[in-house]
Amino acid sequence: MSDGDDKKRHLDLAQLAKGLPVATILLLLFGAWLLASGIGQMRDSARLAGLQHARDNAVTNIHRNLQAEQRTLTARLASPAVKAAMEAGDAEAARALASGWTDITRSEVWPADMQAQYTALPRSGYGRLAVSEAALVAGKPVARVVQSGSDHRLALAAPATTARGRILAYVELPLEHLTLGMQNVALDDSSYLALRQGATNVLERGDTTLGSAAEALSAKIGDDDMRIAAAMPDPGFAPFGMSANALLAAGTLLLLAGLGVWFILRPRLLALDTLNKEQEGATQTLAELERNQPMPAPVVRDVGETRQALLPVTIDRGIFRAYDIRGVVGQSLDAGVAELIGQAIGSLMHDKGLDDIVVGRDGRLSGPELTEGLANGLRKAGRNVIDIGMVPTPVVYFGCYHLRTGCGVAITGSHNPPDYNGFKVVIGGETLSGAAITDLHARIAEDRLHYSAEQGGISERDISEDYVERIAGDIQIGQRLK
C-alpha cells in the first residue's frame, strides 16, 4: 500500500466525520417534522371526533326537547277542558290551551283555512303561516323557529277537529325551550356549532368565522326543518399523504437514526480513523475491501346536447300547498317534476278550452331549469307558451291580462329560503287554490294527463315597458316631485 493511498484513506474518513453533524441535524429536523405532523393529525382527528360528538349530542337534546313540547301540545288538545273550550269558540280554546302552560308567550286557535291570517300578511307573519301550513300537510304537530318582534320564538302548530270543523292550534314559547339542548353541550372554543333553520342562524357557538364551511358537517334534527351545522379549523398538512400512525413511526425512526449517527456511528468512525493511522497500512484499506466485495445484483422496480330522461319522477304530495306549489329544489322539486306539473296545468287548460299561457320567473338560480321543464309539459298538452323571462310576480299577472291569455304561471320561491322554488298558477283569470291545486296532483297521480297530437308552440315576449307604462299611466300626481 502506497503512502498516497494511506493519505487518501485518512482524508476520506476525516471528511466523512466532518459531514456527520450536518447529516445528524437533517435527520433530527426531518424526523421532528414528521413526528409533529403525526401528532397534529392525531390532534385534528380527536378534535373532529369531539366536534361530531358535540354535534350529535346537540341534535339528540334539541330533538328530545322538540318532541317533549309537541307531546305537550298534543296532550293539551286531547284534554277534556280544551276540547270543551274548542267547541265554545276559538278565543275560549286559545285561553284553555295556554292555561297552566309554563312560559307560553302566545296561544291562538284559527280556522284551518287561515283566511284571516293570509289577509293580514305581512303583519300576521310569514313564519307563523309556514309552520301552520306544514302542520296541516303533516297532520300532526310541527315546530319551527319564528320571528316575534325583535326576538326569535319556538312556534308549534297542530291541527284538530271539532264539531265546528277543522281548526289549527298555534303556540309560541321562549327560544330557550329549544336551545338549552345545544348550550349545555361541551365545545372546544376553536370549533363551531350552529342551530340553523333554512338560511338563518338561530344560535351560534364557538368561532363564528368558521360558519361559511359548517354545512359539510351538518346533521338534521329529526323530521323538523332544523339542523346542527359544525366546523373546525382546516387540518394540518399531511406530508406525502401519510396517515398519523405512519408519520409517527417514520418520525420516530428518523429521530433514532439521527441519534444513532451522532452517538454510535460518529465515535466508531473516529476510532476507526485513529486505528488506521496507527496501523499504517497493516490491514486492507476501505478501497481494497470494496474491490474484493462482489458486485450486488441490480434492483428492478415497477413504475407504475341530448338531455337524459328524468323519469321515473317522484311527486311529493306535500309540495301542493293551499295557494301555490312549493318545494326544495333538488329534493322535492326539479325539472322532471316541473314538466309533469306543466302537463297537468295544460290538461286543465285543455278541459277549459284555453290555448295560450304566460310564464315568468323570479331571480332564483333554479328558475331557468324549472321554466324549461314547465314549458315542456305545457307544450306536451298542446298549449302555447309565452315566456316573458325574469320578472316580478305581478308582471306575470299583468301579462295574463295584457296578452289576453287569462292564464299564467309565476315561477317564484316567494319569501322562502334560496333552496326553495315554486309555482303560482292562474287559469281562466282565477288563481288556483285549495281543491284546484290538489287536483293538479291528482291528475299526475292518476295519469289523467292530456297528450296533444301536435306539440304547442313557444315564444318570448318582453312586456316590461308595457308594464311600466301602465303603472305610470294609472298614477296622477298633484304636484311636481323633487
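How are helices H11 and H13 oriented to each other: roughly parallel or roughly perpendicular? In this predicted model, the axes of H11 (residues 393–402) and H13 (residues 464–473) cross at roughly 90° and come within 10 Å. The two helices are therefore roughly perpendicular to each other. On the H11 side, the contact is made by Pro394, Val395, Phe398, Tyr401 and His402, which meet Asp466, Tyr467 and Arg470 of H13. By class, the residues of this contact divide into five nonpolar, one polar and two charged. An α-helix has 3.6 residues a turn, so residues three or four places apart point the same way.

The buried residues of H11 are Val395, Val396, Phe398, Gly399 and Cys400. Val395 and Phe398 are listed among the residues that meet H13. The cover over the buried residues of H11 includes H13 together with strands S10 (356–361), S11 (384–390), S12 and S13. Just after H11, Arg404 takes a positive phi of about 60°.

Cys400 of H11 raises the matter of disulfides. A disulfide is a covalent bond between the sulfur atoms of two cysteines. The closest cysteine sulfur to that of Cys400 belongs to Cys407, at 7.0 Å, which is too far for a bond. The relation also holds from the other side, as the closest cysteine sulfur to that of Cys407 is the one in Cys400. The cut-off for a disulfide is 2.5 Å between sulfur atoms, and the count by this rule comes to zero. Both cysteines are nevertheless buried: Cys400 has a relative accessible area of 7%, and Cys407 has one of 0%.

Cys407 can also be placed with respect to strand S10, where Val359 is located. Val359 and Cys407 are 48 residues apart in sequence, while their C-alpha atoms are 8.9 Å apart in space. Val359 is itself buried, with 1% relative accessibility. Not counting residues up to four places away in sequence, Val359 touches Thr371, Leu374, Leu378, Val385, Ile386, Asp387, Ile388, Gly389, Val409 and Ile411. Strand S11 covers residues 384–390 and strand S12 covers residues 408–411, and both strands are among the elements that cover the buried residues of H11.

A second helix pair is formed by H2 (residues 80–88) and H3 (residues 90–98). Two packed helices are described by the angle between their axes and the distance between the axes. For H2 and H3 the angle is about 160° and the axes are 6 Å apart. This angle makes H2 roughly antiparallel to H3. The crossing of H2 past H3 is left-handed. The residues of H2 in the contact are Ala81, Val82, Ala85, Met86 and Ala88, and those of H3 are Glu92, Ala93, Ala96 and Leu97. The contact has eight nonpolar residues, one charged residue and no polar ones.

Several loops contain backbone geometry that calls for comment. Most residues other than glycine have a negative phi, and most peptide bonds are trans. Asp103, in the loop between H3 and strand S1 (106–111), has a positive phi of about 70° although it is not a glycine. Asp103 is partly exposed, with a relative accessible area of 46%. Ser414 also has a positive phi, near 55°, and is likewise a residue other than glycine. Ser414 lies in the loop between S12 and strand S13 (420–427), and its relative accessible area of 42% makes it partly exposed. The peptide bond from Leu121 to Pro122 is cis, with omega near 5°. Pro122 is in the loop between helix H4 (115–119) and helix H5 (126–138).

Another serine, Ser148, is found in a strand, S2 (residues 142–148). Ser148 counts as buried, at 18% relative accessibility; the cut-off for a buried residue is under 20%. Leaving aside neighbours within four places in sequence, Ser148 is in contact with Arg106, Arg153 and Glu172.

Conventions:
Residues are numbered from 1 along each chain as its sequence is written. This is a predicted model: local features need pLDDT of at least 70, side-chain atom pairs count only at pLDDT 80 or more; totals for chains, interfaces and linings use all residues. Side-chain values use heavy atoms; hydrogens and water are left out. Buried means under 20% relative accessible area, exposed over 50%, partly exposed in between (1.4 Å probe, protein chains only). Axes are lines fitted to C-alpha atoms, for helices over the stretch in contact, and angles run from 0 to 180 degrees between N-to-C directions. Helices (H or I, at least four residues) and strands (E, at least two) are DSSP runs, numbered from the N terminus. Angles under 35 degrees count as roughly parallel, over 145 as roughly antiparallel, 65 to 115 as roughly perpendicular and the rest as oblique. A crossing is left-handed if the near helix is turned anticlockwise from the far one by less than a right angle, and right-handed if clockwise. Contact means heavy atoms within 4.5 Å. Ala, Val, Leu, Ile, Met, Phe, Trp, Tyr, Cys and Pro count as nonpolar, Asp, Glu, Lys and Arg as charged, and the others, Gly among them, as polar.
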